[in-house]
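Subject: Structure handover

Hello,

I am passing this structure on to you. Please look through it first; my notes on what was found follow below.

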Amino acid sequence: MKIKRIAAICCAMIFFVPNVAMAQEGKGLALTIDAKSAVIMEASSGEIIFNQNGDERRAPASVTKVMTMLLIYEAIEQNRIAWDDIVTVSEYAASMGGSQVYLEVGEQQSVRDLLKSVVIASANDGAVALAEFVSGSEESFVDLMNKKARMLGMENTSFRNACGLDADGHFTTAKDIAIMSRELITKYPHVEEFATTWMDSIIHKTNRGEEEFGLTNTNKLVKWYNGTTGLKTGSTGEAMYCLSATAKRGDMELIAVVLGAPNPTTRFQEAMKMLDYGYANYKVVKGELPGTVVGNIPVAKGKEAEVAVMVESLVSDVTEKGSNVELDGQIIINETVAAPVEAGMPVGEIVYTYEGEEIGRSALITEEGVERAGFTDMVGRILYIWFK
């Protein structure tokens with residue numbers, strides 16, 4: 001990757017523009033999938049490399065739970081709930097049909113075990129119990145789901161429940177599923193721990209005592225496909241057979257979404273075909289890694305004369321194998337920054353281009369904080385310069 005430094009700009013702040021908007025609708029290589037709609041997305045860039053009716057609104061079945069899982073992990077990260085919190089199962093949660101782990105009314109389970117049941121065994125009752133625990137009711141949790149969908153740019157999505165059972169007005173698209181799947185696996189990569197577990201169990205704790213209940217992963221790619229990292233299956237009468245499959249090989253992670261496959265075997269076969277297609281035909285070109293120091297900026301009236309500047313986030317692009325794409329990185333840093341300086345303060349940006357077209361950009365941030373210099377510090381600095 002080529003790095004260019006541009007003349008310093010004035011002290012006005014530079015705003016970070018995320019690379020998500022750079023996603024294209026596909027590269028045009030031939031591929032046909034036996035499903036109503038399908039999409040392949042490269043995870044680091046968010047770029048679509050294959051799109052078959054990807055904006056067609058369809059019932060998603062339990063692939064809905066990708067959003068439920070995302071919000072549960074987010075609630076844990078924000079300390080609104082904890083892994084070991086105990087959830088009491090409501091009558092409503094216990095009444096869920098479809099795939100379930102047969103929770104009983106009043107039964108108590110930890111957040112960890114309920115989330116494990118959702119990710120591995122697609123438990124509808126577990127999903128609703130967690131939704132109620134986070135938001136007080138499934139209805140309030142669904143409001144959060146739709147709000148998050150809008151924040152992520154999921155333009156053709158409307159959720160009506162937390163588990164994916166068929167309902168009027170409950171729909172999404174293959175492209176939108178890829179977007180929320182990307183958000184989950186990039187922000188909370190530890191979801192892979194549950195998503196790649198083939199078999200596990202939970203303990204039912206009821207008035208009758210304790211009883212072990214086995215969990216088997218609904219995603220057969222965990223056994224069938226090398227590099228699988230997740231993520232979620234789904235099937236209902238309206239949705240047919242659906243899957244959001246994620247896999248990682250080398251430095252490239254792909255998301256293959258299949259909606260409306262005619263049978264469960266086909267959805268897995270087509271997902272594997274899509275992943276093979278992606279790995280056989282494409283590669284990822286990346287900019288500087290987050291945390292890479294690219295220069296220094298003077299600190300006015302600081303205890304230190306300057307502070308290191310580093311890249312905040314990764315920018316990447318997808319290109320066909322055999323191409324010689326190399327990103328040009330242009331660094332723009334403010335002339336100076338005034339103390340006190342906080343670590344992580346934005347002071348510029350790095351803009352990546354290829355053949356004159358912008359690929360993406362990342363903020364440049366200060367590596368460390370710098371305190372404001374006191375009188376003694378300033379006198380010492382003047383004497384040092386004088387005698388030197």
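In which sense do S13 and strand S18 pair, and over how many bridges? The two strands pair in the antiparallel sense, over 3 bridges, with S18 covering residues 357–366. Before the details, please note that this is a predicted model.

Overall picture

The protein chain has 388 residues, of which 52% count as buried. Its secondary structure comprises 10 helices and 18 strands. Of the contacts in the protein chain between residues at least 6 apart in sequence, 65% join residues at least 24 apart.

Around strand S13

Strand S13 spans residues 306–311, and 5 of its 6 residues are buried, so the strand is largely enclosed by the rest of the structure. In its pairing with S18, Met310 stands opposite Ile365. S13 is also joined to strand S12 (residues 293–300), by 5 bridges, and these two strands run antiparallel. There, Gly295 is the residue that stands opposite Val309 of S13. S12 and S13 form a hairpin with 5 residues between the strands, and in this hairpin Lys301 takes a positive phi near 60°.

The five-stranded sheet

An open sheet is formed by 5 strands in the order S3-S2-S10-S9-S8, with antiparallel pairing. Its edge strands are S3 and strand S8 (228–236), each of which pairs on one side only. On average, neighbouring strands of this sheet are turned by 10° against each other, with direction ignored. At the S3 end, strand S2 (residues 37–42) is joined to S3 by 5 bridges, and the two run antiparallel. Glu42 has Glu47 of S3 opposite to it.

Aromatic pairs

A pair of aromatic rings is described by the distance of the centres and the angle of the planes. The structure holds 7 aromatic pairs. In one of them, the ring centres of Phe50 and Tyr277 are 6.1 Å apart and the planes stand at 65°, so this pair is edge-to-face. Phe50 is in strand S3 (residues 47–52) and Tyr277 in helix H9 (residues 264–281), so the pair links distant parts of the chain, 227 residues apart. Are these two residues buried or exposed? Phe50 counts as buried, at 7% relative accessibility. Tyr277 counts as buried as well, at 7% relative accessibility.

Another pair is that of Tyr73 and Trp83, with ring centres 5.8 Å apart and planes at 75°, so it too is edge-to-face. Tyr73 lies in helix H1 (residues 65–77), whereas Trp83 is in the loop between H1 and strand S4 (86–88), so the pair ties together parts that are 10 residues apart in sequence. Tyr73 counts as buried, at 2% relative accessibility. Ring pairs link Tyr73 and Trp83 with Tyr188 and Phe194 into a cluster.

Helix packing

Two packed helices are described by the angle between their axes and the distance between the axes. H1, the helix that holds Tyr73, packs with helix H6 (residues 174–187) at an angle of about 30°, and the axes are 9 Å apart. H1 and H6 are therefore roughly parallel to each other. Their crossing is left-handed. On the H1 side the contact is made by Val66, Met67, Met69, Leu70 and Tyr73, and on the H6 side by Met180, Ser181, Glu183 and Leu184. Tyr73 thus appears both in this contact and in the aromatic cluster.

How do H3 and H4 lie with respect to each other, and what is the angle at which their axes cross? Helix H3 (residues 111–121) and helix H4 (residues 124–135) have axes that come within 8 Å and cross at roughly 135°. The two helices are therefore oblique to each other. The crossing of H3 and H4 is left-handed. H3 contributes Val111, Leu114, Leu115 and Val118 to the contact, and H4 contributes Gly126, Ala127, Ala129, Leu130 and Phe133.

One further contact in space

Asn281 is found in helix H9, the helix that also holds Tyr277. Asn281 is partly exposed, with a relative accessible area of 26%. From Asn281 to Lys321 the separation is 40 residues in sequence and 5.5 Å in space, C-alpha to C-alpha.

Regards

Conventions: Residues numbered from 1 in each chain as written. Predicted model: local features only at pLDDT ≥ 70, side-chain atom pairs only at ≥ 80, totals over all residues. Heavy atoms only, no water. Phe/Tyr/Trp six-rings, centres within 6.5 Å; stacked < 30°, edge-to-face > 60°. Helix = DSSP H or I, 4+ residues; strand = E, 2+ residues; numbered from the N terminus. Buried < 20%, exposed > 50% of the residue type's maximum accessible area, 1.4 Å probe, protein only. Pairing = 2+ DSSP bridges. Axes fitted to C-alpha atoms, helices over the stretch in contact; angles between N-to-C directions. Parallel < 35°, antiparallel > 145°, perpendicular 65-115°, else oblique. Left-handed = near helix turned anticlockwise from the far one by under 90°. Contact = heavy atoms within 4.5 Å.
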